[in-house]
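Student: I should like to understand how the terms used for a protein model are justified. May we examine one together?

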Amino acid sequence: MKICCIGAGHVGGPTMAMIALKCPDVRVTVVDINKERIAGWNSNQLPVYEPGLSEVVKQCRGRNLFFSTDVDEAIQASDMIFVSVNTPTKTYGIGAGRAADLRYWEQCARRIAAVSNGNKIVVEKSTLPVRTAESLRAVLKANGRGCRFEILSNPEFLAEGTAIQDLENPDRVLIGNDDTNSGRAASKKLVEIYARWVPHEKILTSNIWSSELSKLVANAFLAQRVSSINSISALCEATGADVDEVAAAIGRDSRVGPKFLKASVGFGGSCFQKDISNLIYLCEHYGLHEVAEYWSQVIKINDWQKSRFTRRMVETMFNTVAGKRIAILGFAFKKDTNDTRESPAIYVCRDLLNEQAQLSIYDPRVTEVAIRHDLEAATALPGASFQKRITVEKDAYAAVESAHAVAILTEWDEFRNLDYNRIRQVMLKPGFIFDGRNILSPEASPMLCPGVYGIGKPNASART
Ligand code: NAD
Ligand code: UDX
């Protein structure tokens, strides 16, 4: 069996590396039009940081895992083609800001149809609006030069930072197929690949529309939990309750469960906002305005939580941060990834820059180029003037030197273990620490007490 994957990104790379690891007899080729990305996958500096990923790639690369820019050759050589290209939110035209931009997907479909010289199974790995398979079928059929294409939906549920763990031991694998003999036969072939390492009871098969929709709904439900607990964090701050204690109490109910109840500065990442926006757009398309409005609130609360965080910082620091040095610890949207897409840090930094703060930023994995690029894109400020108000530091201690305040925006483990007594000493007084991830435990370290502001935590004076 030969398979290929179009799109060597955060999903295509790790997913195919895992298939190659578990199926040494299957030849897996990952292709992309981005030459730099492919060069990265063929080097020791992989373009995606994920714990455990480089070990898997090293084991398989050159054996049965290949990275290439030759898309046509990979399509021709493969029996099964995964498509894992980006499906961002449209920024133009009809549905701008909500609908998925399917242009990369359609380009791939047209390429597959144009160069295929035999029958293929095409697997939707990207997250797509419901009924995309229908459009895909139309494009393939109209351009397919007599080849037969079977379409499967196989959405990916991995989370960044734990991709290898999630791929190795998924909660479930979902495969949607057409309710035809050839659809079922194609599905069986894909089931056989996953069954090499995933127990059969975890491999769910469904109709193709259910599979497409389940991916959007899964992300909407997860994001909804974060927005729900974040909405309660505001009430906790107002009333003196502690959001972590509330989360622990409700999470003990087996019907609720303990996961995804960590209050934070807001959710980020390339998926949640994009997929909920897409769900909202679909609901509106089908005239389900109340349903669309219901899910819109998840995004509204998230936007509010991010701006609420900055507002609290400014108000606490005597209503002005102009000219003040603020240390930003963490820029990635969560720990253990170098991905900054939709990171709450971007929005907090943007709002602080608009308040004329000076920022000293440190993240263990995000490059200076990426940080400056993200902030340039997010602010409407002229490049040179605001870039001078940012420094990107090599470690956390350099970032906090002479700072008026520290904002912890990513829950990197190393931030839990910093010497906060030392940090207090090198900060200006009174120093403020805004813990956007609730990773500090003031109770365990009395030095932290005054001036530490967590999310949904009684403030220091109420605590003592
Ligand atoms: P990404 O931006 O990291 O990677 C996509 C890649 O596709 C890019 O390298 C791009 O160059 C390539 N590409 C675009 N058009 C191409 C074309 N015509 N031919 C060849 N290559 C092309 O995106 P990602 O994060 O890997 O996400 C891919 C899909 O998976 C999206 O639909 C996303 O919603 C979904 N998804 C992402 C995650 C995640 O955690 N990032 C998880 C589950 C699902
Ligand atoms: C998500 C889904 O979890 C995954 O199944 C899907 O395939 C892709 O989208 P990802 O965005 O990579 O994965 O990370 P996730 O762990 O879901 O976190 C998303 C955001 O929510 C992060 O910013 C994270 O910090 C935040 N979050 C998560 C919270 O603020 N609190 C929580 O309790 C959990």
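Tutor: The questions below concern a predicted model, and each answer sets a value against its definition.

Student: What makes the protein as compact as a globular protein of its length?

Tutor: The secondary structure comes to 19 helices and 14 strands. The radius of gyration is 24 Å, and the globule rule, 2.2 Å times the number of residues to the power 0.38, gives 23 Å for 464 residues. The two values are close, so the protein is as compact as a globular protein of that length. Along the principal axes, the C-alpha trace spans about 75 × 45 × 45 Å, and buried residues make up 46% of the 464 residues.

Student: How do you know that strand 10 and strand 11 pair?

Tutor: Pairing requires at least two bridges between two strands. Strand 10 (residues 358-362) and strand 11 have three bridges, in the parallel sense; therefore they count as paired. One of the contacts joins Leu359 to its bridge partner Ile390 in strand 11.

Student: Why is the sheet of six strands called open?

Tutor: The strands follow the order 11-10-9-12-13-14, with parallel pairing. Strand 11 (390-392) and strand 14 (452-454) stand at the edges with a single partner strand each, so one side of each has no neighbour in the sheet. Neighbouring strands are turned by 15° against each other on average, direction ignored.

Student: Which strands pair with strand 13, and over how many bridges?

Tutor: Strand 12 (residues 405-408) and strand 13 pair in the parallel sense over four bridges, with Ala405 opposite Phe432. Strand 13 and strand 14 pair in the parallel sense over three bridges, and here Asp435 stands opposite Gly454.

Student: Which way do the residues of strand 13 point, and are they buried or exposed?

Tutor: Phe432 and Phe434 point one way from strand 13 (residues 432-435), while Ile433 and Asp435 point the other way. In a regular strand the side chains alternate between the two faces of the sheet. A residue is buried if 20 or more other C-beta atoms lie within 10 Å of its own, and all four of these residues are buried.

Student: What makes up the shell around ligand 2?

Tutor: There are 19 residues around ligand 2, and Lys262, Ser264, Phe267, Gly269 and Cys271 come nearest. The shell divides into 11 nonpolar, four polar and four charged residues. Helix 9 (residues 208-239) gives the most, with three residues. Domain 1 (2-198) and domain 2 (239-463) each supply at least three residues.

How values were computed
Residues are numbered from 1 along each chain as its sequence is written. Chains are lettered from A and ligands numbered from 1 in the order in which they are written. This is a predicted model: local features need pLDDT of at least 70, side-chain atom pairs count only at pLDDT 80 or more; totals for chains, interfaces and linings use all residues. A residue is near a molecule or strand if its C-beta atom, placed from the backbone, lies within 6 Å of it. Helices (H or I, at least four residues) and strands (E, at least two) are DSSP runs, numbered from the N terminus. Ala, Val, Leu, Ile, Met, Phe, Trp, Tyr, Cys and Pro count as nonpolar, Asp, Glu, Lys and Arg as charged, and the others, Gly among them, as polar. Domain bounds come from an automatic or database domain assignment. Axes are lines fitted to C-alpha atoms, for helices over the stretch in contact, and angles run from 0 to 180 degrees between N-to-C directions. A residue is buried if 20 or more other C-beta atoms lie within 10 Å of its own, exposed if 12 or fewer, and partly exposed in between; C-beta atoms are placed from the backbone.
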